[in-house]
Amino acid sequence: MSEIELQLFPKFDRRPSPEFIDGWRKHIAATGSPETYIDISTTKPPRDGPVILLSEDIHVPTALRLGGDRVPCPLCSPKSPKFENGRLAYFPQESAVRCIGITCARKFFGSDYTEADRLFRIEAECAAYVAKWPAVQAKMRSVEPIVQRLLAAGTKMEQMRLIIDAQAPGFAKFLFNDLNARDMLIVTSRTPGARSYEVKGLSFFSSGFDPRPTLEKIIAASRDVRKPLPNWSPEDNHADSTKEIMRRGRAALGAIESIPVMAELLGGAISFFERMNLRKLEQWMETGSSPFASLSFKVSGQSVQAIATSFEGRHEWSVMVPENLGSQIPTSDEIVSLNLSEIQK
Ligand SMILES: [Zn+2]
């Protein structure tokens with residue numbers, strides 16, 4: 001191998017631009033030589049100087065290099081082959097940019113590297129939110145009618161559950177725990193070998209059934225995204241704008257992610273009230289294999305009434321289940337057609 005001359009290019013009063021970093025990536029993909037891109041320094045940096053990371057770990061296609069050698073590492077072996085996985089780093093003290101091996105960077109810079117990596121992740125996340133904000137805004141506008149339907153249905157169902165809990169304290173917990181212990185599977189016939197039935201909608205009776213706060217968060221996020229994000233550049237590490245972008249970006253993407261979750265939760269819960277489901281529960285009691293001495297549901301119009309007796313005592317409740325409640329909840333086809341995944345991380 002010919003003698004390598006180490007070079008220092010003190011050309012960066014500021015960090016290199018995203019275009020520069022992009023060009024560097026393309027150069028690596030074409031040559032396997034991160035250190036030969038324009039203005040990349042190869043001298044050893046001072047150990048105690050500040051270091052700012054400009055890229056994630058990049059696997060260098062070393063097979064493209066002359067002889068297929070590894071990349072020399074400015075930190076530990078500036079003149080001989082060393083690494084395959086490196087990162088671009090900015091050294092403001094020397095106004096220089098280097099590609100450093102990731103394994104020894106950790107050792108070389110110690111906690112400075114850990115901190116630099118933490119800041120890099122925050123920057124990368126902010127940059128991603130800034131880049132996708134227009135798409136997030138458009139998506140939120142298009143899903144708003146669906147989110148409003150979810151909120152209306154979720155609010156109603158939460159009220160129904162509160163009514164049941166007030167009229168029949170302990171019923172929800174008793175039913176949920178018993179069926180949960182059976183994996184929702186109940187026997188509905190005494191005929192030997194008869195198939196068991198999987199009870200629908202038990203999530204309605206789970207102790208954590210409170211869809212409204214999450215739905216209100218989605219609504220709040222959909223309003224928030226209408227506002228633009230503040231001006232931001234990667235140098236703004238400690239600025240308020242970084243905090244604001246992280247908070248609002250996470251809220252927006254979290255909201256988009258929870259739309260299908262909430263639709264599935266409500267769609268599942270409402271199915272408890274399907275007549276067939278209620279009938280199966282009555283049949284279960286009739287077989288004698290349930291914990292109930294009696295269990296009956298009376299459906300008339302929109303009203304659903306339940307009377308249950310068990311060793312826990314007698315429970316009776318009655319709620320109105322609005323006819324349009326089921327159709328308010330978006331179907332899984334409707335959710336799929338929202339194409340939410342194109343926004344996700
Ligand atoms: Zn090294």
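**Exercise 1. Which residues have the most contacts inside the largest nonpolar core, and how many residues does this core have?**

Solution. The model is predicted: local features need pLDDT of at least 70, side-chain atom pairs count only at pLDDT 80 or more, and totals for chains, interfaces and linings use all residues. Residues are numbered from 1 along each chain as its sequence is written.

Step 1. A nonpolar core is a set of buried Ala, Val, Leu, Ile, Met, Phe, Trp, Tyr and Cys residues joined through C-beta atoms within 7 Å. A residue is buried if 20 or more other C-beta atoms lie within 10 Å of its own, exposed if 12 or fewer, and partly exposed in between, with C-beta atoms placed from the backbone.

Step 2. The largest such core holds 47 residues, and Leu150, Leu266 and Ala269 have the most contacts inside it. At least two residues each come from α3 (111-167), α4 (171-181), α5 (211-224), α6 (240-270), α7 (275-287), β9 and β10. Helix α6 supplies the largest share, 11 residues. Helices (H or I, at least four residues) and strands (E, at least two) are DSSP runs, numbered from the N terminus.

Step 3. Two residues are in contact if their C-beta atoms, placed from the backbone, lie within 7 Å. Setting aside residues up to four places away in sequence, Leu150 touches Leu215, Met262, Ala263, Leu266, Ile329 and Pro330.

Step 4. There is also a second, separate core of 23 residues, which includes Ile40, Phe83, Ala89 and Cys99.

**Exercise 2. Describe the overall layout of the protein.**

Solution.

Step 1. The chain is divided into domain 1 (18-109) and domain 2 (132-342), with bounds from an automatic or database domain assignment. Their C-alpha centres are 51 Å apart.

Step 2. The radius of gyration is 30 Å, whereas a compact globule of 345 residues would have one near 20 Å. This radius is taken over C-alpha atoms, and the globule rule is 2.2 Å times the number of residues to the power 0.38. Along the principal axes, the C-alpha atoms fill a box of roughly 90 × 50 × 35 Å.

Step 3. Nine helices and 11 strands make up the secondary structure. Of the 345 residues, 29% count as buried. Among contacts with a separation of 6 or more, 72% are between residues 24 or more positions apart.

**Exercise 3. Work out the sheet that contains β9, β10 and β11, and explain why β9 and β11 each have one side without a neighbour.**

Solution.

Step 1. Strands of a sheet pair through backbone hydrogen bonds, either parallel or antiparallel. Here two strands count as paired if DSSP finds at least two bridges between them.

Step 2. Strand β9 (residues 292-300) runs antiparallel to strand β10 (residues 303-310), and eight bridges join them. Val299 stands opposite Val304 in β10. The two strands form a hairpin with two residues between them, and Gly301 in the turn has a positive phi of about 60°.

Step 3. β10 and β11 also pair in the antiparallel sense, over eight bridges. In this pair Ile307 stands opposite Glu316 in β11.

Step 4. The result is an open sheet of three strands in the order β9-β10-β11. β9 and β11 (313-320) stand at the edges with a single partner strand each, so one side of each has no neighbour in the sheet. On average, neighbouring strands are turned by 5° against each other, direction ignored; the axes are lines fitted to C-alpha atoms, for helices over the stretch in contact, and angles run from 0 to 180 degrees between N-to-C directions.

**Exercise 4. Place Tyr37, Asp39, Met184 and Cys104, and classify their exposure.**

Solution.

Step 1. Tyr37 sits in the loop between α1 (18-31) and β1 (52-53). Tyr37 is partly exposed because 19 other C-beta atoms lie within 10 Å. Leaving aside neighbours within four places in sequence, Tyr37 contacts Trp24 and His27.

Step 2. Asp39 lies in the loop between α1 and β1. Its phi is near 65°, a positive value in a residue other than glycine. With 14 C-beta neighbours inside 10 Å, Asp39 counts as partly exposed.

Step 3. Met184 lies in the loop between α4 and β7 (185-186), with a positive phi near 70°. Its 15 C-beta neighbours inside 10 Å make Met184 partly exposed.

Step 4. Cys104 belongs to helix α2 (residues 102-109) and is partly exposed, with 17 other C-beta atoms within 10 Å. Not counting residues up to four places away in sequence, Cys104 touches Cys73, Leu75 and Cys76. The C-alpha atoms of Cys104 and Cys76 are separated by 7.3 Å, and the two residues are 28 residues apart along the chain.
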